Amino acid sequence: MAVFFALGGVTVWFSLEPMWMSIVANMVARFGRWAAWINLMPVILAPLAVWGMLRLMDYLRRRWLWRESGMVKPLRWVVSPQVNMLSAVILLGGVALSLGLRQWGWSDDAFVLRMLWAATGWGFGYTLMGVGQHVGISRYVWLGAVGGSVSTLVLFLPLTFGQTALVFGLSWSLMLMVSGTIALRRGLMSAQGNR
Amino acid sequence: MSDEIKDITTFDRLIHEPARLAIMAVLSACENADFAYLLNATGLSKGNLSAHLSKLEEGGYVAVTKGFKGKYPNTTCALTATGRKAFSAYRKQYLALAQHLEK
């Protein structure tokens, strides 16, 4: 998930940032039209990297964690439909609020675009809190609350859509990585304790 | 006498036994788990776990799949739809009783 957020942020930034677009345009002028495909590389590489990361996670679990603690496959749908539904409502509500504010002249187009990321963070944060409460892991509740708050910050930064995507993606990636590292460390310590 | 107290006798006995309750509780929280995981999670001995899994399998609550992980035999257990439904009903009944006893 951390890799997904990081690569997602970088991909959107790379694809939409005028700086990169002008570099690609220059390359097209110099090397021909095939150079334009470079702009699409992150779109191809991002899913590949996420797939690779999932394979690596599976390997690490099988190789170290599950060898000691046994294998467990988590439930596909951890949160209730109500939590998923409310998460979508939060996302759409945020976007609707920004559109309303723009309509009344209290915000501009850039604010609406930044709200797309902020509301995504609120919705995802709420889902994580729901997961945490359901499975009784307070780390997820904290992660959801902190992630939701950090997502609010991007609303007020004077950034373009692409830059906001980068900040949003890397922030979430960092938070998820910290959370994952804590879980991995506890898992390894527990596996060592069982030996 | 309240209904909750009377209902104690209707508790699902296949689930109510502590070792089987532990197995059902672990399996209800995941898609499936292997024998080693259940051993760690429940703290039962191999023989005990195996015997209780057999009873739950006979009752149609647990599906046991035997296979191989590399060269080693691997047993995977999962709740069946019937088992999940039965555990959900048991949980509701148990919570109602617990709430009644807290009053």
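**Two chains, one sheet**

Me: What share of the contacts in chain A with a separation of 6 or more comes from residues 24 or more positions apart?

Reply: In this predicted model, the share is 69%. Two residues count as touching if their C-beta atoms lie within 7 Å.

Me: And how much of chain A is buried?

Reply: Of its 195 residues, 27%. To earn that word, a residue needs 20 or more other C-beta atoms within 10 Å of its own.

Me: Which elements does chain A have, and how do they run from the N terminus on?

Reply: They go α-α-α-β-α-α-α-α. That's seven helices and one strand.

Me: How many residues of each chain are in contact across the two chains?

Reply: Nine from chain A meet eleven from chain B. On chain A's side, strand β1 (residues 72-74) gives the most, with three residues.

Me: What kinds of residues make up the side of chain A that touches chain B?

Reply: Four are nonpolar, three are polar and two are charged.

Me: How do you know that β1(A) pairs with β1 of chain B?

Reply: Two strands pair if DSSP finds at least two bridges between them. Here there are three bridges, joining β1(A) to residues 30-34 of chain B, and the two strands run antiparallel. So the pair meets the cut-off. As one example, A:V72 has B:A33 as its bridge partner.

Me: What about β1(B) and β3(B): what makes them a pair?

Reply: Two bridges join β1(B) to β3 (residues 72-79) of chain B, again antiparallel. The rule asks for at least two, so this pair passes as well. B:A33 turns up here too, with B:C77 as its bridge partner in β3(B).

Me: In what order do the four strands of the open sheet come?

Reply: The order is β1(A)-β1(B)-β3(B)-β2(B), with antiparallel pairing.

Me: Why are β1 of chain A and β2 of chain B said to stand at the edges?

Reply: Each has a single partner strand, so one side of each is left without a neighbour in the sheet. From one strand to the next, the twist averages 20 degrees.

Me: Which helices of chain B pack on the sheet?

Reply: Among them is α3 (residues 18-28), which touches β1, β2 and β3 of chain B and makes about 85 degrees with the direction of β3(B). Another is α4 (residues 35-42), at about 95 degrees to β1(B). Helix α4 touches β1 and β3 of chain B, together with β1 of chain A.

Notes
Residues numbered from 1 in each chain as written. Chains lettered and ligands numbered in written order. Predicted model: local features only at pLDDT ≥ 70, side-chain atom pairs only at ≥ 80, totals over all residues. Nonpolar A, V, L, I, M, F, W, Y, C, P; charged D, E, K, R; others polar. Axes fitted to C-alpha atoms, helices over the stretch in contact; angles between N-to-C directions. Buried ≥ 20, exposed ≤ 12 C-beta atoms within 10 Å, placed from the backbone.
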